[in-house]
Number of protein chains: 2
Amino acid sequence: MNSFYYYNPTKLVFGTDAVSKFTEYLPKDVNKLLLHYGGGSIKRSGLYDEIMNILKEKDIEVVELSGVTPNPKLSLVREGIKICKEENVDFILAVGGGSVIDSSKAIAAGVCTEDDIWDLFIEGREISDALPIGVILTIPASGSESSDATIISNEETKEKRGLENDLLRPEFAILNPELTLSLPERQTFAGIVDILSHVMERYFTNTKDVELTDDLCEATMRTVISNGYKLVKDPKDYGARAEIMLSGTMAHSGILGLGRQEDWASHRIGHEITALYGTTHGVTLSIILPAWMKYVYKTNIDRFARFAKKVFGIEDSSKTQEEIALLGIERFESFLKDINMPCRLEEEGIPYDKFQLMAEKCAGTGTVGRFMKINKDAVIEILELAK
Amino acid sequence: MNSFYYYNPTKLVFGTDAVSKFTEYLPKDVNKLLLHYGGGSIKRSGLYDEIMNILKEKDIEVVELSGVTPNPKLSLVREGIKICKEENVDFILAVGGGSVIDSSKAIAAGVCTEDDIWDLFIEGREISDALPIGVILTIPASGSESSDATIISNEETKEKRGLENDLLRPEFAILNPELTLSLPERQTFAGIVDILSHVMERYFTNTKDVELTDDLCEATMRTVISNGYKLVKDPKDYGARAEIMLSGTMAHSGILGLGRQEDWASHRIGHEITALYGTTHGVTLSIILPAWMKYVYKTNIDRFARFAKKVFGIEDSSKTQEEIALLGIERFESFLKDINMPCRLEEEGIPYDKFQLMAEKCAGTGTVGRFMKINKDAVIEILELAK
């Protein structure tokens with residue numbers, strides 16, 4: 001087990017009555033908040049009205065910024081920073097999924113610096129302050145509701161970059177599984193792949209003596225997969241929605257990576273697909289993860305065999321460790337198909353002519369990933385495996 | 001899954017170099033701290049000198065209060081409160097195991113009230129403020145290093161009572177498994193039982209749809225048991241010490257109980273044994289847990305059968321669920337014997353003549369526990385099963 005530092009002060013408020021309580025968790029001195037959200041779905045569902053009524057009752061002034069899209073855009077982040085500075089906003093309330101939360105985090109960091117926010121992303125600079133933010137979660141996927149990270153897309157340069165800092169962990173996350181009962185199928189299952197990927201990026205490690213977190217990772221993957229199947233059968237299954245929501249927060253809270261070297265190559269490759277084609281994040285992972293697995297499994301066959309055994313229950317004493325490892329990857333692909341997620345680039349209409357460009361943007365002259373170091377050529381090979 | 005609120009802001013600093021960094025996590029305005037510890041073991045190990053040198057370098061004034069015993073005493077808590085008030089102490093550094101941490105928490109709460117601290121324990125009153133505390137952990141067991149709870153023994157009334165509040169969660173916990181390599185056998189394994197008990201008090205529930213936390217609980221129990229066996233073979237096994245230390249913190253952090261109704265009857269009964277006979281906390285649990293299991297398992301045979309299957313890997317299609325459930329309890333007892341922990345009152349020389357008194361103090365005219373409500377008569381029956 002490696003040394004680690006862990007700090008996660010996000011207050012989790014979970015249950016069907018969670019939204020009604022959110023103002024209890026606002027800092028006492030909040031005068032004006034930015035309500036940041038996507039499109040009309042929170043208006044159609046009534047959530048917008050509920051929130052506005054609560055804020056009105058509490059005499060908290062509200063400035064609104066809607067229009068967050070999947071793969072949240074730098075231009076809107078800049079607009080949010082401008083509004084917050086001009087209006088002296090002292091809190092950001094993110095109502096939505098990972099894109100809204102990530103956009104809020106970038107705004108929160110940008111308000112507290114004189115520099116252009118994109119410079120911080122590009123230079124990986126430490127931030128020293130950020131506005132506090134709170135989350136009312138409507139899509140379980142990103143885990144951003146309690147994570148220290150934000151990922152923003154620069155639509156001009158077609159780059160997608162991340163920033164990490166404990167200052168970006170939300171003050172609170174309101175988790176009401178009921179809000180997810182009517183999620184469209186694609187959002188539900190792309191979210192589930194995103195959640196699984198957050199576990200897998202931590203699970204596939206070469207760090208020794210990480211028995212507890214290995215077992216916690218496997219527990220989380222099993223839960224996500226079994227409840228994914230339940231939601232295929234019945235999208236209105238509250239119990240399954242609750243398991244997925246809690247799993248999503250756990251998966252990216254940081255707990256599952258304690259003391260482990262993490263990977264993150266699949267995310268980096270997926271980001272390049274999104275940057276060029278606008279593909280949904282969870283969809284890129286559904287395509288890249290199996291390809292990545294096929295490319296890297298020989299690095300540590302025992303780990304992939306363990307994955308097969310512990311997550312999918314594959315036991316066959318007539319098979320070699322390698323055969324079991326490969327069966328595990330196959331079963332993972334089957335799961336993705338069973339939840340109607342694509343496993344190949346062509347299923348999403350992604351052409352094969354920009355592998356070189358994506359590989360260069362992703363790995364440059366270096367490498368990505370740590371389970372196995374993936375250089376530019378290896379990125380191309382992984383993309384080939386995703387054909 | 002039930003509604004829940006969860007907040008755990010303790011910074012975890014884990015690894016062999018963790019102690020050297022602890023002042024990084026002190027609040028900036030600390031001028032004078034109370035160094036609270038037990039006896040001579042931190043002096044013999046060199047830890048005391050290391051801490052004092054670091055504090056001297058940082059020009060932080062230190063007041064010392066040693067003498068914390070297992071089942072920390074109210075009299076010393078009162079002394080600590082007096083010292084902190086007189087000396088204007090603004091931070092408490094707990095160096096030790098659960099007793100030292102719990103004593104520190106009680107002092108921290110007592111400093112911020114004009115009332116007698118014991119009144120807060122007896123009346124279960126909400127505290128509104130507490131001094132911040134930090135922990136350098138030397139015994140993995142109580143999980144108090146990141147929990148919201150403290151348990152104190154009143155030596156005059158022979159009562160043992162707890163207080164819970166998020167204000168009691170430490171600012172930081174320094175977790176260096178090396179500090180535990182030379183722990184005496186009894187402390188090591190009583191600690192392991194305490195850790196397991198914190199999972200079990202959460203695991204045995206009748207709450208439905210708690211698949212994720214069920215699986216996380218089982219993962220933690222498996223890890224603690226397998227590493228317990230490793231430490232029987234080799235107490236110097238750093239990897240196993242690391243797993244136990246991290247498991248101890250996880251077990252009582254609150255994560256494993258999210259959305260679950262918890263039990264805690266075994267703890268309540270164990271406390272009465274300690275209050276009368278001074279028995280080590282983990283030892284009381286080693287005696288009471290198997291007896292409690294035998295008394296309550298029929299309430300929910302499926303849960304006990306699941307425990308047997310998932311934690312001990314018992315699979316036997318020729319057996320009924322009840323037979324499997326009973327086998328699981330048997331295997332748990334075997335584990336306790338394998339780590340040289342007692343399972344019967346007589347092994348610790350505890351007489352049988354005060355069952356009535358213990359039952360009255362424990363359950364009064366009400367009940368304890370929630371997996372099964374245990375009244376006074378049931379407490380006596382459980383004590384009978386521990387004969």
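In this predicted model, helix α11 of chain B is followed by G313(B), a residue whose phi is positive, near 65 degrees. The helix that ends there, covering residues 301-312, has 12 residues and reaches 16 Å from its first C-alpha to its last, which is close to the 16 Å expected at 1.5 Å a residue. Its buried residues are R303(B), F304(B), A305(B), F307(B), A308(B), V311(B) and F312(B), and what covers them includes four other helices of chain B, namely α6 (185-203), α7 (211-233), α10 (281-296) and α12 (321-338).

The corresponding region of chain A can be approached through its aromatic rings. A pair of aromatic rings is described by the distance of the centres and the angle of the planes. Over all chains, the count comes to 36 aromatic pairs. In one of them, the rings of Y203(A) and F307(A) have their centres 6.2 Å apart and their planes at 50 degrees, an angle that lies neither under 30 degrees nor over 60, so the pair is tilted. This pair links distant parts of the chain, since Y203(A) belongs to helix α6 (residues 185-203) of chain A and F307(A) to helix α11 (residues 301-312) of chain A, 104 residues apart.

Both Y203(A) and F307(A) are buried, and both belong to one aromatic cluster, which is formed together with F204(A), W292(A), F304(A), F312(A) and F371(A). Y203(A) has a further neighbour in R303(A), which lies over the face of its ring at 4.7 Å from the ring centre. In chain B, a charge also sits over a ring, where the charged end of K43(B) is placed over Y48(B), 4.7 Å from the centre of that ring.

Seen as a whole, chain A is assigned two domains, with domain 1 spanning 11-179 and domain 2 spanning 184-385. The centres of these two domains of chain A, taken over C-alpha atoms, are separated by 27 Å, and 24 residues of domain 1 are in contact with 24 residues of domain 2.

It remains to ask how the two chains are arranged. Two copies of a chain are related by a rotation about an axis and a shift along it. Here a rotation of 180 degrees, with 0.0 Å of shift along its axis, superposes chain B on chain A with an RMSD of 0.0 Å, and the two copies are thus related as by a two-fold rotation axis. The same surface serves both copies, in that 100% of the contact residues of chain B recur in chain A. Of the residues of chain B, P9(B) comes closest to the rotation axis, with its C-alpha at 2.1 Å.

Definitions and conventions. Residues are numbered from 1 along each chain as its sequence is written. Chains are lettered from A and ligands numbered from 1 in the order in which they are written. This is a predicted model: local features need pLDDT of at least 70, side-chain atom pairs count only at pLDDT 80 or more; totals for chains, interfaces and linings use all residues. Side-chain values use heavy atoms; hydrogens and water are left out. Rings of Phe, Tyr and Trp (its six-membered ring) pair if their centres lie within 6.5 Å; planes under 30 degrees apart count as stacked, over 60 as edge-to-face and the rest as tilted. Helices (H or I, at least four residues) and strands (E, at least two) are DSSP runs, numbered from the N terminus. Buried means under 20% relative accessible area, exposed over 50%, partly exposed in between (1.4 Å probe, protein chains only). A charge sits over a ring if NZ of Lys or CZ of Arg is within 6 Å of the ring centre and within 35 degrees of the ring normal. The expected span of a helix is 1.5 Å times one less than its number of residues. Contact means heavy atoms within 4.5 Å. Copies are superposed by least squares on the C-alpha atoms of residues with pLDDT of at least 70 in both. Domain bounds come from an automatic or database domain assignment.
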